[in-house]
Amino acid sequence: MRREPLRGAGQRLMHVVVVAAGWFLFGWAWLLVGRDLPDYGVLAWMIVATLIISPAVTLYWVLHNLAIFKLKGPRRQLPDTKAEYLHDWAGRPVVADWDMLRTAPITVIGIVDSRKLYRCLAPRSVDPGVSRLFGKG
């Protein structure tokens, strides 16, 4: 299942304008906050606009997703993907036993001799009360 591409140049331009306007407003807001004495009237308008725009965008997104659901119906299964691959995104060769990794409780991934190596690690049985491999958390 792939996302439909944007329909035309107008739709792409609208996306670019909306994103650029959002970043402009973000930068402008930080400029106002960074000044010594902000104009509290402008700050109040920004708060009111945020209280109106954020729920409006969220409502639009919910309605958009509901329209997709009505068009396509509920998901019945996950999309088929192939987990096995020969090279990672950086072009390093990948060494892995994919069948064993699917059932491994712990997987360790490392770079050895410019290769990405996936290994299965058995859980420790030293102390049954310890459930984490590392001390943090």
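Helices here are DSSP runs of at least four residues, numbered from the N terminus. With that in hand, let's walk through the charged and aromatic side-chain contacts of this predicted model.

**Aromatic pairs**

A pair of aromatic rings is described by the distance of the centres and the angle of the planes. There are 2 aromatic pairs in the structure. Trp-23 and Phe-26 make up one of them, an edge-to-face arrangement with 5.6 Å from centre to centre and 85° between the planes. It counts as edge-to-face because the cut-off for that class is an angle over 60 degrees. Both residues sit in helix H1 (residues 9-34), where Trp-23 and Phe-26 are 3 residues apart, about one turn of the helix. How open to the surroundings is Trp-23, buried or exposed? Trp-23 has a relative accessible area of 60%, so it is exposed. Its partner Phe-26, at 46% relative accessibility, is partly exposed.

Trp-98 and Tyr-118 form a tilted pair, with 5.4 Å between the centres and 50° between the planes. Here the partners come from separate elements: Trp-98 belongs to helix H3 and Tyr-118 to strand S3, so this pair ties together parts that are 20 residues apart in sequence. Trp-98 and Tyr-118 are both buried.

**Salt bridges**

Now to the charged side chains. The model has 3 salt bridges, listed here with their N to O distances.

| Salt bridge | N to O distance |
|---|---|
| Asp-88 and Arg-92 | 2.9 Å |
| Asp-88 and Lys-116 | 3.4 Å |
| Arg-102 and Asp-99 | 3.1 Å |

Which residues are linked in a network of salt bridges? They are Asp-88, Arg-92 and Lys-116. Asp-88 takes part in the bridge to Arg-92 and also in the bridge to Lys-116. Asp-88 lies in the loop between helix H2 (40-72) and strand S1 (94-95), while Lys-116 is in strand S3 (residues 115-121), so their contact ties together parts 28 residues apart in sequence.

What about accessibility within this network? Asp-88 has 8% relative accessibility and therefore counts as buried, the cut-off being under 20%. Lys-116 is buried too. Arg-92, with a relative accessible area of 26%, is partly exposed.

The bridge between Arg-102 and Asp-99 has another setting. Both residues lie in helix H3 (residues 98-103), 3 residues apart, about one turn of the helix. Arg-102 and Asp-99 are both exposed.

**Bringing it together**

Strand S3 holds Lys-116, the salt-bridge partner from the Asp-88 contact, as well as Tyr-118, which pairs with Trp-98 of helix H3.

Technical notes. Residues numbered from 1 in each chain as written. Predicted model: local features only at pLDDT ≥ 70, side-chain atom pairs only at ≥ 80, totals over all residues. Heavy atoms only, no water. Salt bridge = Lys/Arg side-chain N within 4 Å of Asp/Glu carboxyl O. Buried < 20%, exposed > 50% of the residue type's maximum accessible area, 1.4 Å probe, protein only. Helix = DSSP H or I, 4+ residues; strand = E, 2+ residues; numbered from the N terminus. Phe/Tyr/Trp six-rings, centres within 6.5 Å; stacked < 30°, edge-to-face > 60°.
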